[in-house]
Structure formats: C-alpha cells, structure tokens
Amino acid sequence: PLWIVSVFGLNADNPVVRVDAQPVWAEAGALAHSTAMRVTRSSSVDYLLIAEPVAGARPEASPSHAARVRSHDPRTWRIAEFETDAHMLFCRTAGDQGIARVALVDGSLLRSSSRHGAEVARPAVMTDLSLDADELSRATVSPQRPESGKAKT
C-alpha cells in the first residue's frame, strides 16, 4: 500500500514542531497493513496509529475480552507506550498533565503501563470512542486507583 500523511497545525498557541513516522509493534501475522506518526507540538505530543488487522485475526467481540485487558494479546498492537486493538488510535499527551485526549475507531481498549498509566476497556468493539482528560480519568484503571478495578465508561 501507499501511505500519504498530511499534518496541519491549526492552533497557533500549540504549533507543530516536528513529525516523525513511528513503528507499529504487533505479533507477526496480526496486521495486514499499518502506519503510525508522532506529531510533536510546542506543548503536547500527538500519536496516530492506523492498523488493518489480517482478516480473521481479531474477532469483533471476544468472550475473553476481560482477560485480554490484563495481559498481552496477539490481537493488539502498539505505538510508543500505547497498546490498543483499535483500527485507529489518536492519543494526545500534554507533558506532566498526562493524556489529554484519546480517540478509538473500531476498538475496545487502550493500555499504557508507562508514566501515563492509562487503561480503558470496553466490553465490546466500539465503532468510535472519544474521551477527553476528565472522561479518561473516570475510565482509567491504574495502580493509583486500585478500588476501580473494572472501571468502564
């Protein structure tokens, strides 16, 4: 496939500083095609991942989804510190404030075990999901919030 990526900086208060292609990490044979970008801005960093799973490699709804959330699954892929099963992932980080925005298309989970420590899990694949920082904090399961062991939005 031929991939063309265009980046437009429409926010003068947070201009684009740099754009870098990023590797997509996945189990061998899990993805037919993928691409990922890291867009560094003056006060945030955006990550975009677009993935096309191999036909039949990922069921649309899995009865063992809850177990997949807690351990690595070959039907997930990563860009940088973020792991997902979505066909499209957009994630904006804002320095010490952590994750500012997340959008998933045809996916059910986002997981990050690094300094951002986020985990969002839906019981089934959603066609689209968009969360800002406030919504994400209510949907996140993290070591700092053990009482919310199965938080869902």
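# Strand pairing and salt bridges

Colleague: How many bridges join E7 to strand E8, and how do the two strands run?

Modeller: In this predicted model, strand E8 covers residues 99-111 and is joined to E7 by 6 bridges. Methionine 88 stands opposite valine 105 in E8, which gives you one place to look for the pairing. To answer in full, then, the strands are joined by 6 bridges and run antiparallel.

Colleague: Which residue in the turn of the E7 and E8 hairpin has a positive phi?

Modeller: E7 and E8 form a hairpin, and 5 residues stand between the two strands. Within that turn, a positive phi of about 55° belongs to glycine 95.

Colleague: Which residue in E7 stands opposite tyrosine 47?

Modeller: Strand E4 spans residues 45-53 and strand E7 spans residues 88-93, and the two run antiparallel with 6 bridges joining them. Following this pairing, the residue that stands opposite tyrosine 47 in E7 is cysteine 91.

Colleague: Is aspartate 46 buried or exposed?

Modeller: A residue counts as buried when its relative accessible area is under 20%. The relative accessibility of aspartate 46 is 3%, so aspartate 46 counts as buried.

Colleague: How many residues apart in sequence are the parts that aspartate 46 and arginine 92 tie together?

Modeller: Aspartate 46 and arginine 92 form a salt bridge in which the closest N and O atoms are 2.5 Å apart. Because aspartate 46 lies in strand E4 and arginine 92 in strand E7, this pair ties together parts whose separation in sequence is 46 residues.

Colleague: In which strand does the salt-bridge partner of arginine 111 lie?

Modeller: Arginine 111 forms a salt bridge with glutamate 83, and their closest N and O atoms are 3.1 Å apart. Both of these residues are buried. Arginine 111 itself lies in strand E8, whereas glutamate 83 lies in strand E6.

Colleague: Which residues are joined into one network by salt bridges that share partners?

Modeller: The side chains of arginine 41 and aspartate 46 meet in a salt bridge of 2.8 Å, N to O, and aspartate 46 also forms a salt bridge with arginine 92. Arginine 41 and aspartate 46 are both buried, while arginine 92 counts as partly exposed at 26% relative accessibility. The residues joined into one network are therefore Arg41, Asp46 and Arg92.

Colleague: What is the relative accessible area of valine 7?

Modeller: Valine 7 lies in the segment before strand E1. Together with Val5, Val16 and Val19, Val7 forms a nonpolar patch on the surface, with about 240 Å² of accessible area together. Valine 7 is partly exposed, and its relative accessible area is 34%.

Methods:
Residues numbered from 1 in each chain as written. Predicted model: local features only at pLDDT ≥ 70, side-chain atom pairs only at ≥ 80, totals over all residues. Heavy atoms only, no water. Patch = residues over 30% accessible without salt bridge, like charges linked within 9 Å, V, L, I, M, F, W, Y side chains within 5 Å. Areas by Shrake-Rupley, 256 points an atom, 1.4 Å probe, with all protein chains shown as cover. Salt bridge = Lys/Arg side-chain N within 4 Å of Asp/Glu carboxyl O. Helix = DSSP H or I, 4+ residues; strand = E, 2+ residues; numbered from the N terminus. Buried < 20%, exposed > 50% of the residue type's maximum accessible area, 1.4 Å probe, protein only. Pairing = 2+ DSSP bridges.
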